[in-house]
Amino acid sequence: MAKAFKYGLKGITGYLEPAERELLRGLLDDVISMLEPELSSNEDPLTALIGLDMDVKEPSDRALLRLLPNVMKNDDAASLEFRQLTERSLREGKIGALRAAAMGLDRNELVLTPEEAKLWSMALNDVRLVLAERLDIRDEADADHVHAMQDWSQAEDVESYLALVYNFTTWLQESLVQAMMASMDRKP
């Protein structure tokens, strides 16, 4: 059974069972797949090199849109322009954090440096955002309904299974953030 992240003499440590690692690795890989940009055969190499993507569009998948939201409400043109200038680098940053967390799962003992903890927190947040969108969590009542699902033996359908996975990643991220805050409190 997983043990919460905590801050101690070794740094920020945590523990996941092999099945929990595989579950988390699968989630991280799924989100990486969502974020990988489509390759264009006629892409200008210079614009790609500096991070521009003039062919980008607002994602039609609500979960992907949650990860890459519009920056301007009620101004589609400004949002598109911002997306063209920033989305490629935003995707790359998110994919980097997700891959770093996935690589951390290869080690038996989870001992995170402050930078690794930051990347893990970013990756877990993105996984939670996707799960929240798939579970259609829109308000506190929806969240309470999802949080009420706590027993793996009662998972009978995809929604209840996703709710349990969402609760697991939420717990994992909360313990990581608390450990990160404890590490900051103890520094001179």
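Here are three short exercises with worked solutions on the structure above.

This is a predicted model, in which local features need pLDDT of at least 70, side-chain atom pairs count only at pLDDT 80 or more, and totals for chains, interfaces and linings use all residues. Residues are numbered from 1 along each chain as its sequence is written, and side-chain values use heavy atoms, leaving out hydrogens and water.

**Exercise 1.** Find where Asn 74 lies and decide whether Asn 74 is buried or exposed.

Solution. Start with the place: Asn 74 sits in the loop between α3 (62-67) and α4 (76-104). Helices here are DSSP runs (H or I, at least four residues), numbered from the N terminus. Next, take the relative accessibility of Asn 74, 84%. Buried means under 20% relative accessible area, exposed over 50%, and partly exposed in between, with a 1.4 Å probe and protein chains only. Asn 74 therefore counts as exposed.

**Exercise 2.** Work out what sign phi has at Asp 136, and how accessible Asp 136 is.

Solution. Look in the loop between α5 (114-134) and α6 (140-147), where Asp 136 lies. Its phi is near 60 degrees, a positive value. For context, most residues other than glycine have a negative phi. Finally, with a relative accessible area of 38%, Asp 136 is partly exposed.

**Exercise 3.** Decide how α5 is oriented relative to α7.

Solution. First, note that α5 and α7 (residues 158-185) pack at an angle of about 155 degrees, their axes 9 Å apart. Axes are lines fitted to C-alpha atoms, for helices over the stretch in contact, and angles run from 0 to 180 degrees between N-to-C directions. Then apply the cut-off: angles over 145 degrees count as roughly antiparallel, under 35 as roughly parallel, 65 to 115 as roughly perpendicular and the rest as oblique. So α5 is roughly antiparallel to α7.

Methods. Helix = DSSP H or I, 4+ residues; strand = E, 2+ residues; numbered from the N terminus.
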